[in-house]
Amino acid sequence: MKPRVMHIGALLSHVGIHPAAWLHPGTPLGGEVDLSFWIDLARIAEQARLDFIFRADSPASRDGDIEAITRYPGHIADLEPVTLMSALAAVTKHIGLASTASTSFYEPYNVARLFATLDHLSGGRAGWNVVTSSAPLAALNFSRKDHEDHARRYARANEFVDVVLGLWDSWDQDAFIRDRANGRFFDPSKRRVLDHKGEFYQVRGPLDVPRSPQGRPIVINAGGSEAGMEMAARTADVVFSVDRNIDKAKAFYADLKGRMGKYGRRPEELKILCALNPFVGASDAEGQEKLDLLQSMIHPAVGREILSVDLGGIDLRDLPLDEPIPESVLPPSSNATKSYFDNMVWAIREQGLTVRQLYLACAASRGGMNAIAGSGETIANRMAQWFNEGAADGFMVRVSHLPGGLADFARHVLPVLQERKLFRTEYSGPTLRDQLGLAEPARHRVS
């Protein structure tokens, strides 16, 4: 049996995940829409032997307090991610290419076709991040007055994923015989018509894209709610978790893997990657300096806006920056991302954080995720502990600023992990499934 190694993906957002990344002197102005910038990032990640790069997405431009949104470019100037990943497929050979498509605003046939095409263009390196979308503004871009509630979004998402997986199974791998001598393009016995009729979707199929090179694209899920965990246990290949406490992460890991048996799946068929926000330097002091620089550039209006979004849209503009946030302003629940909301409420109730303290914590680690500043050795130690103690199969590295943050991680952290034989030195094969150690899946049975 091969020794267990970490799986590491990199979240590349705008010119960095930190809200002040665009103000950093090392980030290129306009890089977010410059293909050459993204090509350079993909090549850094591939040379580092990361499993995949990942682009999140939102089907809505940011809105809210005008003072804040003019200072925070996230979801203001962006590129559509599947198109971008298709371009990057042409200039890379091994790195996985994953992006988001929402089950609330796409149709299953569109998603199946997009990611199957990306899988062919990349030679089997595509991954689809399944989200239900939590931004209320997104509904207004799709002829809807408001957003569906959490339960209905997940009911829709479960059926949506089933349909996509069924469409990806439209063809056997050897269905397209292309027999010129007999004039037969495909073997009809190796084609399946889905003919799905459900609560939300009626989709006949088959898909007009041959079976993908890796069997089917990798399915990624980030849901931390009960409904999200059940969907992940049933259908996901990779799950992003957001716990910053190792004991909570262990509990999540054991809980999610423990749910898989009732769906006929083994725990090793799912890789759980913990969110990690590293600020990396040649020393611990330099890593902290890099974090402090970014934190110092956050405008208070931007900080308040970040909190408002994750707390379901409440208005915090009248609250003093340096006084604890009163529980009375918190809504009883939120239709926003549940894991972010829960982490924020916990920080307010248990730690009594002020507005400023909370937005600084959120800027460093969105929604209370796992932030760490330090040397490559310090960060590798944290990663090794979580990996070895059963809290994660690897990490989703949320890069603070680009390209510097990605280059720092590759330069200082990965060599330490490689020396300890916790991370690969060469790619395992041509497909993303190969890198993740996942076998080609059996044909999906639509429920």
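This briefing walks through some backbone features, one helix pair and one strand pair. The model is predicted, so please read each point below as a description of that prediction. Most peptide bonds are trans and most residues other than glycine have a negative phi, and the opening two groups collect exceptions to those habits.

**Cis peptide bonds**
- Gly 205 and Pro 206 are linked by a cis peptide bond, and its omega is near 0 degrees.
- Pro 206 sits in the loop that runs between strand S6 (202-203) and strand S7 (218-221).
- The bond from Leu 402 to Pro 403 is also cis, with omega at about 5 degrees.
- For Pro 403, the setting is the loop between strand S11 (394-398) and helix H14 (404-419).

**Positive phi outside glycine**
- Arg 49 has a positive phi, near 70 degrees, although it is not a glycine.
- You will find Arg 49 in the loop between helix H1 (35-47) and strand S2 (52-55).
- The relative accessible area of Arg 49 is 21%, so this residue counts as partly exposed, the class that begins where buried (under 20%) ends.
- Asp 195 also has a positive phi, near 50 degrees.
- The loop that holds Asp 195 lies between helix H6 (150-168) and strand S5 (196-197).
- With a relative accessible area of 45%, Asp 195 is partly exposed, because exposed would require over 50%.

**Helices H7 and H8**
- Two packed helices are described by the distance between their axes and the angle between them.
- For helix H7 (residues 226-235) and helix H8 (residues 246-259), the axes come within 8 Å and cross at roughly 55 degrees.
- That angle falls between the roughly parallel class (under 35 degrees) and the roughly perpendicular one (65 to 115), so H7 and H8 are oblique to each other.
- The crossing of H7 past H8 is right-handed.
- On the H7 side, the contact is made by Glu 226, Met 229, Glu 230, Ala 232 and Ala 233, while H8 contributes Phe 252, Asp 255, Leu 256 and Arg 259.
- By type, this contact of H7 with H8 has five nonpolar residues, four charged ones and no polar ones.

**Strands S3 and S4**
- Strand S3 (residues 96-102) runs parallel to S4, and six bridges join the two.
- Within this pairing, Ala 101 has Val 130 of S4 as its bridge partner.
- Strand S4 (residues 126-131) is largely enclosed by the rest of the structure, because five of its six residues are buried.

Terms used. Residues numbered from 1 in each chain as written. Predicted model: local features only at pLDDT ≥ 70, side-chain atom pairs only at ≥ 80, totals over all residues. Heavy atoms only, no water. Helix = DSSP H or I, 4+ residues; strand = E, 2+ residues; numbered from the N terminus. Buried < 20%, exposed > 50% of the residue type's maximum accessible area, 1.4 Å probe, protein only. Axes fitted to C-alpha atoms, helices over the stretch in contact; angles between N-to-C directions. Parallel < 35°, antiparallel > 145°, perpendicular 65-115°, else oblique. Left-handed = near helix turned anticlockwise from the far one by under 90°. Contact = heavy atoms within 4.5 Å. Nonpolar A, V, L, I, M, F, W, Y, C, P; charged D, E, K, R; others polar. Pairing = 2+ DSSP bridges.
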